[in-house]
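Me: I am new to reading protein structures. Please take one part and go through it closely with me. The aromatic rings would be a good choice.

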Amino acid sequence: MKRRILLLAALLLPAVAHAHPGHADAGLASGFMHPFSGLDHVVAMLAVGVWAARNAGMTRWLVPAAFLAGMVAGGALGLGGFLPSFLESAVTASAFAAALLVLLAVRLPLGLQASVAAAFAIWHGIAHGAELPAAAAPLDFAVGFLAATGVLLALGLALGRMLQRGERDRWLGAGLTALAASLFWA
């Protein structure tokens, strides 16, 4: 019971913020806090973790690892100046799609599931990488946001494992989908 309360509390903390704050120092701490500051990122990362929880054994970690790899690739693109005009729409759409995959209990072959997660993460990585100020320490920021991403993915995985019995994770999927849908009108 304590574990469930702690998990719920951890999930509720980032939900109070939707807009991303400025990056005063854009170092490790700022990078770590950044994924928690946007509902779009929180929803996507939790949903990917919950979706991955349906995989067996150690293979359930492949999808979050692919997401992290996609974040690195996207972060490099963003840092390099790649900033498509539709980026915010792509980030929101990926969060919505990830939540729908949980809601609909979509099962894909593991390689395809990992590829989809990586594709979602690329958009989030571009957004993170592009938001760095020119004078920032990009490596510190990247380590911070990757660590926070790992925390959110692990929280999603833990939630998915806890709620998996009796398809209760689909209720979480419904909540995540509703939150992601709200981003289209925010």
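Reply: Here is the overall fold in brief, then the aromatic rings, then one helix pair.

Keep in mind that this is a predicted model. The protein chain has eight helices and zero strands. Along the sequence, the pattern therefore reads α-α-α-α-α-α-α-α, by the way helices and strands are assigned. Of the chain's 186 residues, 46% count as buried. Take the contacts between residues at least 6 apart in sequence: 83% of them join residues at least 24 apart. The chain exposes about 8,800 Å². Carbon and sulfur atoms supply 73% of that area.

Now to the rings. How many aromatic pairs does the count come to? The count comes to five aromatic pairs. Two of them show how the sorting works.

Start with Phe32 and Phe36. Their ring centres are 5.5 Å apart. That falls within the 6.5 Å limit, so the two rings count as a pair. Next, look at the planes, which meet at 45°. Stacked needs under 30 degrees, and edge-to-face needs over 60. An angle of 45° fits neither, so this pair is tilted. How covered is each residue? Phe32 has 30% relative accessibility and counts as partly exposed. Phe36 has 15%, and the cut-off for buried is under 20%, so Phe36 is buried.

Move on to Phe184 and Trp185. Here the ring centres are 6.3 Å apart. That is also within 6.5 Å, so these rings pair. Their planes stand at 75°. Because 75° is over 60, this pair is edge-to-face. Phe184 is partly exposed, with a relative accessible area of 44%. Trp185 is at 71%. Exposed means over 50%, so Trp185 counts as exposed. Phe184 and Trp185 also belong to a cluster: together with Phe96, they form one aromatic cluster.

Finally, the helix pair. Helix α4 covers residues 62-79, and helix α6 covers residues 110-130. The two pack at an angle of about 35°. Their axes are 6 Å apart. The crossing of α4 and α6 is right-handed. Which classes of residue make up the contact of α4 with α6? The contact has 16 nonpolar and nine polar residues, and no charged ones.

To go back over the rings: Phe32 and Phe36 make a tilted pair, while Phe184 and Trp185 make an edge-to-face one.

Notes: Residues are numbered from 1 along each chain as its sequence is written. This is a predicted model: local features need pLDDT of at least 70, side-chain atom pairs count only at pLDDT 80 or more; totals for chains, interfaces and linings use all residues. Side-chain values use heavy atoms; hydrogens and water are left out. Axes are lines fitted to C-alpha atoms, for helices over the stretch in contact, and angles run from 0 to 180 degrees between N-to-C directions. Helices (H or I, at least four residues) and strands (E, at least two) are DSSP runs, numbered from the N terminus. A crossing is left-handed if the near helix is turned anticlockwise from the far one by less than a right angle, and right-handed if clockwise. Ala, Val, Leu, Ile, Met, Phe, Trp, Tyr, Cys and Pro count as nonpolar, Asp, Glu, Lys and Arg as charged, and the others, Gly among them, as polar. Rings of Phe, Tyr and Trp (its six-membered ring) pair if their centres lie within 6.5 Å; planes under 30 degrees apart count as stacked, over 60 as edge-to-face and the rest as tilted. Buried means under 20% relative accessible area, exposed over 50%, partly exposed in between (1.4 Å probe, protein chains only). Contact means heavy atoms within 4.5 Å. Accessible areas come from the Shrake-Rupley method with a 1.4 Å probe; for residues, only the protein chains shown count as cover.
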